[in-house]
Amino acid sequence: MASGAKSEGAESEKALGGLVVKIDMKCHSCEAEIVSKKVRKQHWLEGNLYIVENVEAEVCPECGDRYFHATTLDRIDKLISEDHPVKEVLSVEVISA
Ligand SMILES: [Zn+2]
């Protein structure tokens with residue numbers, strides 16, 4: 001028997017508010033039709049910055065606004081919290097404009 005199978009806990013609906021972005025069919029900024037796409041996302045968790053590739057997002061083809069489902073954000077938090085493979089480590093410059 002293969003070990004290491006993990007059960008996906010029931011994902012509860014997160015209450016709206018805070019960082020949760022509601023998905024509409026149209027962009028909030030320019031009202032263009034948004035499309036589903038895999039993107040590279042900057043993601044902060046507990047004071048650390050992560051670049052997460054292959055994240056499902058709704059992207060506006062006109063202005064580039066990106067919207068993420070709350071469940072997608074939850075999944076990324078979870079992924080980061082657990083053991084995860086690291087593809088690359090980057091150093092980031094912090095500057096003041
Ligand atoms: Zn737009």
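The legends below walk through several close-up views of a predicted model.

**View 1. The whole chain follows the pattern β-β-β-α along its sequence.** Welcome to the overview: the protein chain holds one helix and three strands. Of its 97 residues, 4% are buried. Among contacts with a separation of 6 or more, 53% join residues 24 or more positions apart.

**View 2. Three strands make an open, antiparallel sheet.** The order of the strands is 1-2-3. Strand 1 and strand 3 (66-67) are the edge strands, each with a single partner strand, so one side of each has no neighbour in the sheet. As a reminder while you look at the pairing, strands of a sheet are joined through backbone hydrogen bonds, in either a parallel or an antiparallel way.

**View 3. Strand 1 and strand 2 form a hairpin.** Here you can follow strand 1 (residues 35-45) into strand 2 (residues 48-59), with two residues between them. Glu46 sits in the turn and has a positive phi of about 50°. The two strands pair in the antiparallel sense over 10 bridges. To find your place in this ladder, look for Val39, whose bridge partner in strand 2 is Val55.

**View 4. Gln42 is a residue of strand 1.** Is Gln42 buried or exposed? Gln42 has 9 other C-beta atoms within 10 Å, and a residue counts as exposed if it has 12 or fewer, so Gln42 is exposed. Setting aside neighbours within four places in sequence, Gln42 is in contact with Leu49 and Ile51. Glu53 is 11 residues from Gln42 along the chain, and the C-alpha atoms of the two are separated by 8.9 Å. Strand 1 as a whole is hardly covered: of its 11 residues, the count that are buried is zero.

**View 5. Strand 2 also pairs with strand 3, in the antiparallel sense.** This pairing runs over two bridges. A handy landmark is Glu58, which stands opposite Tyr67 in strand 3.

**View 6. Helix 1 packs on the sheet.** Helix 1 (residues 70-81) touches strand 1 and strand 2. The direction of helix 1 makes about 150° with that of strand 2.

Terms used
Residues numbered from 1 in each chain as written. Predicted model: local features only at pLDDT ≥ 70, side-chain atom pairs only at ≥ 80, totals over all residues. Buried ≥ 20, exposed ≤ 12 C-beta atoms within 10 Å, placed from the backbone. Helix = DSSP H or I, 4+ residues; strand = E, 2+ residues; numbered from the N terminus. Pairing = 2+ DSSP bridges. Contact = placed C-beta atoms within 7 Å. Axes fitted to C-alpha atoms, helices over the stretch in contact; angles between N-to-C directions.
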